[in-house]
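Here are some comments for you to read alongside the model, set out as numbered points. Please keep the structure open while you go through them.

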Amino acid sequence: MKKLALLLPLVALMAFTSCNDIEFPHATSDRYQLETLKATAGDGCVTLNWADQKDVANPLQYLVIWTAAKSDVQGGEMLVTPDKKEITIDNLVNDCSYTFSVQTKYPSGLSQKLTASCTPKSTRIPATNFKVMAGDKRVFVSWTAPETGLMFTYKLDVLAGDQLVKSMDISTLETSALVEQLTNGIEYTFNLTCVYAHGNSPAVSAKATPGEISPINASIENPRKFEMVTFEYNPAYFVSGEIASVEWTFDDGSSVTTPAAMHCFGTTGKHTVTIKVTYTNGRNESASTQITVGDFSWSKITGVGYQKSSNIVFAPDGQTFYTASQTGKTLIAVDAINGTIKWEYTTAAATYGAGPAVGPDGTIYFGTEDGAGTFYAINPSGSLKWQKELGKAVKSSPAVTSDGMVYALADGGFAFAFDSDGNQKWSKTLSGNSAGVAVNRDGTVYFATSDGVWAFSASGAEKWKPSEKLAVTERGGSIAIGNGIIYVTLKGKAGCAAIDASTGSVKWKYATTMGDCYHPVVDAEGTVYFCEKAGYLYAVKSSGALKWEEKTGLNFIYSGFALDANGRAIISEYATPFGLVAISGSGSRSVLTTIGVQTMSPVTLGPDNRIYYSTNGSIEAYDIGVAAATGGWPMRGANCQGNNSLK
C-alpha cells in the first residue's frame with residue numbers, strides 16, 4: 001500500500017469532541033494511514049489487529065471507533081498507545097454486526113480511517129432437544145449435548161413456582177438424569193444450563209407434573225393423517241432393570257425396534273401403539289397407548305405463483321414439499337401437514353419446465369434459465385448449500401441417486417456429474433438442448449437432448465451415443481425408464497420412442513397427430529403413458545402397440561400422469577372443464593373432481609395418497625386414498641422426490 005497522507009487547506013478547521021486531548025493543526029502531510037486492519041469475532045468481544053505502513057514515523061496514538069448495525073446498540077471509542085498493535089473490545093452484543101475504524105494520530109492530526117466489520121458470536125452453546133417425562137414422584141429429563149470443543153458441565157435446577165427445590169451438578173458425559181423425591185400433582189420447571197469457564201449458556205426449560213405415569217409419550221397429541229409422530233417410552237414407567245431392547249407395534253401391522261419410533265397414520269380415528277421392553281435380565285414388559293388421528297387440514301394453498309411444467313416433489317420424510325414458481329422465480333417449501341409456506345428461495349431467473357429433485361439427505365436441486373445456466377443445491381432449511389454455472393440455460397430436471405451423486409444437463413449438451421458437496425466428478429459436451437436426465441438401477445446415466453440420447457457409466461465412461469437423431473422434447477422430464485427400455489417423448493408429432501437401455505438401438509417409435517409430447521411415465525409391465533401438447537393422451541405397450549388413446553378433448557398442455565396402485569393413470573386438464581381425470585387400465589375415463597382453473601404441470605401422487613397439482617396461483621391436493629404404483633416410473637421424476645433415478 002502506498003503511504004497515504006491527508007492534505008488539508010490551511011484554512012481548514014478540524015474538531016474532535018470525544019477525546020479532548022487531541023489537537024489538530026491547520027495543515028499536514030505526514031499522517032499515515034494503517035497498512036492493514038483485521039477484526040476477529042469472539043464471545044461478546046472482538047479482537048483488532050493492525051500494522052503500520054513500513055518506513056514511516058511512529059504515531060503518537062491510535063484512535064479506535066466502533067459503531068453497531070443495530071440502532072439500539074451503543075458504539076464506542078478509545079485511544080491506544082503506540083506500542084500496541086492488538087486490542088480486545090469487550091461488552092459487545094452477540095449477533096450484532098459492528099464496524100471498526102482505526103486512525104493514527106500524529107502531531108499534525110489524524111490519518112484517514114481503515115475499517116473492518118465483524119459480528120461477535122456466543123460460544124456458550126446450550127443443550128438442545130431438552131425433554132422431560134413425568135413418572136411417579138419423579139421425572140426423567142434428557143437432552144442433546146451442545147456441539148462445542150470447549151469444556152463444560154451441566155447444572156439442572158428444579159423449581160416449584162418460583163421456589164428452587166433441587167439443584168444438580170451433572171457430568172459432561174451424561175445426557176439424561178432421573179429427578180426423584182418429587183411430589184405428585186405439583187408442576188415443576190426444569191432448567192438445564194451448560195456451565196463454561198467463561199460463563200453459563202442460556203438455560204433450556206421444560207415443565208412436567210409427576211403423578212399418573214404414561215408409558216409412552218407422543219410428540220404430537222392429535223396428529224393429522226400422514227403427519228410424522230415420534231413415540232418414546234417413559235423410563236420412569238419401565239423401571240424393572242436396564243433396558244436391552246424395545247419393539248414398537250402399530251395397528252396397521254408395521255413394527256420397528258428403534259428406541260424411538262417415527263410413524264405416520266394413513267387413516268383417521270383411534271389407533272393403538274404398543275411397546276414391548278426387554279430388560280437385560282430377560283424380563284419383558286409391554287404397554288399401549290391410544291392416539292386419535294384427524295383428517296387433512298388443507299386442500300388448497302394460494303399465493304404461490306404459476307408452476308409451469310414444474311411438478312411438486314417431497315422431502316424424504318414426506319412432511320415438506322417443494323415447487324418452483326415460474327412467475328415468482330422462487331423455490332417454495334411448504335409444510336405438507338398444515339399447508340403453510342416454510343420458506344422461499346429467490347433466484348435471478350425462472351425455473352421453467354425443470355422441476356426440482358430431492359436427494360436422500362433432503363437437499364433440493366434445480367437449475368434456472370439464465371444465460372449462465374445457474375444450478376442450485378438448497379439445504380432443507382432454505383439456505384444455499386452450493387451453486388454452479390453450467391454454461392447455458394438448464395431446461396431439464398436433474399437426477400440424484402441414493403448415494404448422493406447429482407447429474408445435471410444444460411443447453412448445448414453440457415452434462416455434469418457432482419457429488420452431494422458440489423465437487424465436480426466429470427463433465428461431457430454432447431449436443432442439442434436439454435430434455436432430461438435419468439439413472440438406471442445399475443447406475444447408468446442417460447442424457448436426453450433435442451439431438452438424441454447418450455449413456456454413460458457412473459464414472460463417466462461412454463456406453464453408447466445416439467444411434468439416430470431423436471428430437472427429444474425440451475423443457476421437462478422427457479425421459480423415463482421401464483423394464484430395460486428408455487422411453488423419450490419427442491417433438492413435432494413424432495410421439496414417443498423406445499430405446500434399448502443396453503445398446504442404444506431404437507426399438508420402435510409411436511407417432512402422434514398434433515404436436516410435441518411430454519412427461520412419459522411407465523407402469524410395471526412397461527406400458528408408457530404420455531401427453532401430447534394441445535392434443536391427446538396415449539398409453540403404448542412395451543411392444544410399441546397402442547393400449548389406448550384418449551381423445552375426449554384437446555385439454556392438455558404440459559400435463560403429465562401419475563399412476564396409482566389400482567392401475568389408473570391420473571392427469572389434470574389445462575382447458576375447460578378443468579377436471580382431474582382418471583383413466584383406467586382399459587382406457588375408460590372418469591372425472592375425480594373439477595378443478596375450475598387451468599393447470600400446466602404434471603401431477604404428483606404424494607406419500608399421503610393425495611394427488612398434488614398446480615394451478616395459476618395455487619397448489620391443490622385431492623385425496624384418492626390410493627398409493628402410487630410400484631415398479632416402473634409411475635410419475636414424473638420416477639417418484640415423489642422427483643429424483644429421476646432408479647438407483
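**Notes on the predicted model**

1. A good place to begin is Q641, which, when its neighbours within four places in sequence are left aside, is in contact with V313, F314, A315, P316, P356, A357 and V358. Please keep in mind while looking at these contacts that the model is a predicted one.

2. As for its place along the chain, Q641 lies in the segment that comes after β55, the strand made of residues 616-623. Q641 has a relative accessible area of 18%, and it counts as buried because that term is used for values under 20%.

3. The strand β25 (313-314) is one of the two edge strands of an open sheet, the other being β28 (341-346), and each of them pairs on one side only. This sheet is formed by 4 strands in the order β25-β26-β27-β28, with antiparallel pairing.

4. Looking at the pairing in detail, β25 is joined by 2 bridges to β26 (residues 320-325), and these strands run antiparallel. Within this pairing, F314 stands opposite F321 in β26.

5. Turning to the nonpolar cores, the largest has 34 residues, and Y446 and V488 are those with the most contacts inside it. Apart from this core lies another, of 25 residues, which includes V334, A562, A582 and L605.

6. For V488, if residues up to four places away in sequence are not counted, the residues touched are A448, V453, L470, V472, S478, I479, G495, C496, A497 and I499.

Technical notes: Residues are numbered from 1 along each chain as its sequence is written. This is a predicted model: local features need pLDDT of at least 70, side-chain atom pairs count only at pLDDT 80 or more; totals for chains, interfaces and linings use all residues. Side-chain values use heavy atoms; hydrogens and water are left out. Buried means under 20% relative accessible area, exposed over 50%, partly exposed in between (1.4 Å probe, protein chains only). Contact means heavy atoms within 4.5 Å. A nonpolar core is a set of buried Ala, Val, Leu, Ile, Met, Phe, Trp, Tyr and Cys residues joined through side-chain atoms within 4.5 Å. Two strands pair if DSSP finds at least two bridges between them.
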